[in-house]
Amino acid sequence: MSAEQQDLGQEMAPFRIDPRFDTRVWGWRDLHPWFDRVADKDPLGEVWLTGDMCLVATGPHTGKRLDALFAEAHAALLGAGAPSPESPLLIKVLFAKEKLSVQVHPDDKMAQKYGDPRGKTECWYALAAEPGAEVAVGLKAGVTLAQVEEGIHGGTLEASLNMLPVVKGDMVFVDAGTVHAIWPGSVLLETQQNCDLTYRMYDYGRPRELHIEKSLEATKLKTRAGKVSSTVLADRTILIDTDYFRVERIPIAGSCASDRLRDSSTSVLGLAYLFAAAGTGRISSPTFAPIDLPARGIVAVPASSPAFSIEDLGGLDLIRIAPNWPGVTR
């Protein structure tokens with residue numbers, strides 16, 4: 001065990017997490033071939049991979065809710081210097097058959113003003129996209145808050161939105177305060193702060209609650225949102241590295257040792273998630289039972305994890321996601 005791991009206490013092995021399937025009026029009825037799931041009644045729009053209510057699927061904590069595991073073992077999971085013991089990231093896969101509502105998320109300051117622990121900055125990685133797929137990210141230059149409010153009440157808000165075409169492999173950053181919406185035609189891997197606060201501005205006449213006053217308060221006319229250019233390194237491609245999260249693709253040529261998966265720019269041990277965007281893999285170690293990583297499966301790698309290797313069992317497209325801590329040096 002390394003000196004850093006001794007500081008974290010007892011080792012905690014990686015573990016797979018069972019997905020949670022959430023219904024949405026704009027979702028799909030059949031998630032094949034992405035997931036082996038068909039809707040019973042209402043369509044399925046979101047697959048939560050790391051939600052607080054998701055259950056641990058492997059190892060000694062099998063069956064335990066993720067929030068409960070963080071509550072009792074946050075040091076082993078997060079490592080030294082984490083400013084909060086709670087699960088930092090909510091990772092989802094989004095399936096939009098219809099337009100989502102036009103919405104905005106609060107930043108940390110506004111969320112805390114109304115009694116919530118954090119806001120919601122997020123990013124979308126396009127796992128797939130049909131020709132002509134688009135997302136709305138931000139407002140057109142020169143649009144005022146008064147025009148946004150007029151568009152909400154007059155049903156013309158779409159005319160004020162900045163539309164972006166989406167193709168497979170695109171990464172889109174959506175910081176808190178950005179007016180946004182997702183149109184049909186893409187399958188998106190969403191990484192966000194562990195927060196589900198959404199203020200709906202406009203919902204195409206659906207009988208769901210709108211949050212017009214708060215959405216206008218949360219709206220920032222200019223944000224940093226938009227497509228992000230990837231950074232190609234010798235051993236990985238950094239898709240995004242910003243406040244709250246870092247997302248990267250790591251090629252696995254046969255197999256890869258766990259120490260090579262970590263960000264080489266830091267020696268600090270921290271939590272990471274390994275997501276199979278395609279293909280399958282297996283995580284192996286002399287100290288714990290093998291863990292299969294199926295297509296669209298996700299494995300949590302605690303800060304205190306013992307060494308392991310990950311093997312490509314066929315077509316593995318590995319996405320590594322780790323939290324960042326704004327203002328905290330780790």
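This report describes the nonpolar cores and the salt bridges of a predicted model.

**Nonpolar cores**

In soluble globular proteins, nonpolar side chains tend to be buried together. The largest nonpolar core in this model has 48 residues, and the members that touch the most others are Val93, Leu189 and Tyr273. Among the contributing elements, helix α2, which spans residues 66-78, gives the most to this core, namely seven residues. A second core, separate from the largest one, consists of 18 residues, including Val102, Val104, Ala136 and Leu161.

The surroundings of Val93 can be set out in more detail. When its neighbours within four places in sequence are left aside, Val93 is in contact with Phe35, Gly45, Glu46, Val47, Leu49, Leu127, Val187, Leu188, Leu189 and Phe275. This list includes Leu189, itself one of the residues that touch the most other members of the largest core, and it also includes the charged residue Glu46, which leads to the salt bridges.

**Salt bridges**

Side chains of opposite charge can pair when their charged atoms come close. The structure holds 27 salt bridges, and three of them are listed below with the distance between nitrogen and oxygen.

| Pair | N to O distance |
|---|---|
| Glu46 and Arg24 | 3.0 Å |
| Arg118 and Glu86 | 2.3 Å |
| Arg282 and Asp292 | 2.7 Å |

The salt bridge between Glu46 and Arg24 links distant parts of the chain, with Glu46 in strand β3 (residues 44-48) and Arg24 in strand β2 (residues 20-28), 22 residues apart. Glu46 counts as buried because its relative accessibility is 8%, the cut-off for buried residues being under 20%.

In the pair of Arg118 and Glu86, Arg118 lies in the loop between α3 (108-113) and β6 (122-129), whereas Glu86 lies in the loop between α2 and β4 (89-95), so that distant parts of the chain, 32 residues apart, are linked. Arg118 is buried, with a relative accessible area of 16%, whereas Glu86, at 40% relative accessibility, counts as partly exposed.

The bridge between Arg282 and Asp292 joins strand β18 (residues 272-285), which holds Arg282, to strand β19 (residues 288-293), which holds Asp292, the two residues being 10 apart. Here Arg282 is partly exposed, with a relative accessible area of 30%, and Asp292 is likewise partly exposed, with a relative accessible area of 38%.

Beyond single pairs, a network of salt bridges links Arg20, Asp22, Arg24, Glu46, Lys92, Lys120, Glu122, Glu190 and Asp196. Glu46 thus appears both in this network and among the contacts of Val93.

Note on methods:
Residues numbered from 1 in each chain as written. Predicted model: local features only at pLDDT ≥ 70, side-chain atom pairs only at ≥ 80, totals over all residues. Heavy atoms only, no water. Core = buried A, V, L, I, M, F, W, Y, C linked by side-chain atoms within 4.5 Å. Buried < 20%, exposed > 50% of the residue type's maximum accessible area, 1.4 Å probe, protein only. Helix = DSSP H or I, 4+ residues; strand = E, 2+ residues; numbered from the N terminus. Contact = heavy atoms within 4.5 Å. Salt bridge = Lys/Arg side-chain N within 4 Å of Asp/Glu carboxyl O.
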